[in-house]
Amino acid sequence: MKIAIIGAGNVGGTLARRFAEVGHSVFLGVRNVNDAKVKALLSDRISAHSVTEAVAKADVIVTAAYPTTTKEIAKQMGDVSKKVIIDAMNTFRGKPVPYTTTAEALLAWTNCKDVVRCFNTTGFENMENPKYKGIKIDMFVAGDSKKGKKIATQLAKEIGFGEVYDLGGNDKFELMEQIVVVWVSLAQILGRNIALSILKR
């Protein structure tokens, strides 16, 4: 799979490494391809480009940048009508006004209809290693796009997550962010090496 990841911070960088490890080609979409942090991520399967170039090379786009840059990123993407966008951003440090979530904004500001939310409900440490004492932790996905959810679920399982729970359609975008609020609140008390997982009797 050809994947563009917009952003090379903790989440974007970790997902880039993990996707590359399981055999995907990753195109980082960044402002500065010569940034030291970006260069440290490069490998045979990870390359750095402008946002426009990265998106053009990919079939799937993962957004992992600052939420306040969503409109700027959307403009740089160009034609994404035949692509899938997996939104991994959260709005702790600002919202993409006038929208509540970045996924809503991406639907409004791009011509992509296959927008889903995934990889936004936990810390990057759990993307690096989603196993606790041999148990695979869970991931969540939401969105109207069946195609988008299928791809997000595949990617999550490929990098080691257990179950990927489908929480519903676009109306559950905000619920996805409430999950990470719970995780962050607990992490402030217990430390970041914690995870949420569903148990069934």
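Glu-177 is buried in this predicted model. Its relative accessible area is 8%, and the cut-off for a buried residue is under 20%. The residue sits in helix α8, which covers residues 173-190. Glu-177 is in contact with Met-89, Asn-90, Thr-91, Phe-92, Thr-101, Arg-117 and Asn-120, leaving aside neighbours within four places in sequence. One of these partners, Arg-117, is joined to Glu-177 by a side-chain polar contact of 3.2 Å. Salt bridges also link Asp-87, Arg-117 and Glu-177 in a network. Asp-44, by contrast, lies 34 Å from Glu-177, C-alpha to C-alpha. The two residues are separated by 133 residues in sequence.

Helix α1 was examined next. The helix has 12 residues, numbered 10-21. At 1.5 Å a residue, its expected span is 16 Å. The C-alpha atoms at its ends are 17 Å apart, which agrees. Buried positions in α1 are Gly-12, Gly-13, Thr-14, Leu-15, Ala-16, Arg-18, Phe-19 and Ala-20. These buried residues pack against four strands, β1 (2-6), β2 (25-29), β3 (46-49) and β4 (60-63). They also pack against helices α6 (124-128) and α7 (146-158). Gly-23 follows the helix and has a positive phi, near 105°.

Within α1, Arg-18 and Glu-21 form a salt bridge. Their closest N and O atoms are 2.6 Å apart. The two residues are 3 places apart in the helix, about one turn. Their surroundings differ in accessibility: Arg-18 counts as buried at 11%, whereas Glu-21 is exposed at 53%.

Phe-19 belongs to the largest nonpolar core, which has 32 residues. Ile-5, Phe-19, Leu-28, Ile-86 and Phe-119 touch the most other members of this core. Contributions of at least two residues each come from β1, α1, β2, β4, β5 (84-87), β6 (114-118), β9 (139-142) and α7. A second core is separate and holds 18 residues, among them Ala-54, Met-89, Cys-112 and Val-115. In soluble globular proteins, nonpolar side chains tend to be buried together.

The contacts of Phe-19 extend to several parts of the chain. Beyond four places in sequence, Phe-19 touches Ile-3, Ile-5, His-24, Val-26, Val-62, Phe-119, Leu-155 and Ile-159. Phe-19 is buried, with a relative accessible area of 0%. Phe-119 is also buried, at 1%.

The structure contains 3 aromatic pairs. Phe-19 and Phe-119 form one of them, with edge-to-face geometry. The ring centres are 5.9 Å apart and the planes meet at 70°. This pair links distant parts of the chain, with Phe-19 in helix α1 and Phe-119 in the loop between β6 and α6. The two residues are 100 residues apart. Tyr-99 and Trp-109 form another pair, with ring centres 5.4 Å apart. Their planes are at 80°, above the 60 degree cut-off, so this pair is edge-to-face as well. Tyr-99 lies in the loop between β5 and α5 (102-109), and Trp-109 lies in helix α5, 10 residues away. Tyr-99 is partly exposed, with a relative accessible area of 27%. Trp-109 counts as partly exposed too, at 23%.

Salt bridges number 8 across the whole structure. One of them joins the side chains of Arg-31 and Glu-72, at 3.3 Å from N to O. Arg-31 lies in the loop between β2 and α2 (36-39), and Glu-72 lies in helix α4 (residues 70-77), so the bridge ties together parts that are 41 residues apart in sequence. Arg-31 is exposed, at 72% relative accessible area. Glu-72 is partly exposed, at 36%.

Asp-166 and Lys-149 form a further salt bridge, with an N to O distance of 3.0 Å. Asp-166 is in strand β10 (residues 164-166) and Lys-149 is in helix α7. The pair links distant parts of the chain, 17 residues apart. Asp-166 counts as partly exposed at 49% relative accessibility. Lys-149 counts as buried at 13%.

How values were computed:
Residues numbered from 1 in each chain as written. Heavy atoms only, no water. Expected span 1.5 Å × (residues − 1). Buried < 20%, exposed > 50% of the residue type's maximum accessible area, 1.4 Å probe, protein only. Contact = heavy atoms within 4.5 Å. Core = buried A, V, L, I, M, F, W, Y, C linked by side-chain atoms within 4.5 Å. Polar contact = N/O pair within 3.5 Å; in protein donor to acceptor, adjacent residues only side chain to side chain. Salt bridge = Lys/Arg side-chain N within 4 Å of Asp/Glu carboxyl O. Phe/Tyr/Trp six-rings, centres within 6.5 Å; stacked < 30°, edge-to-face > 60°.
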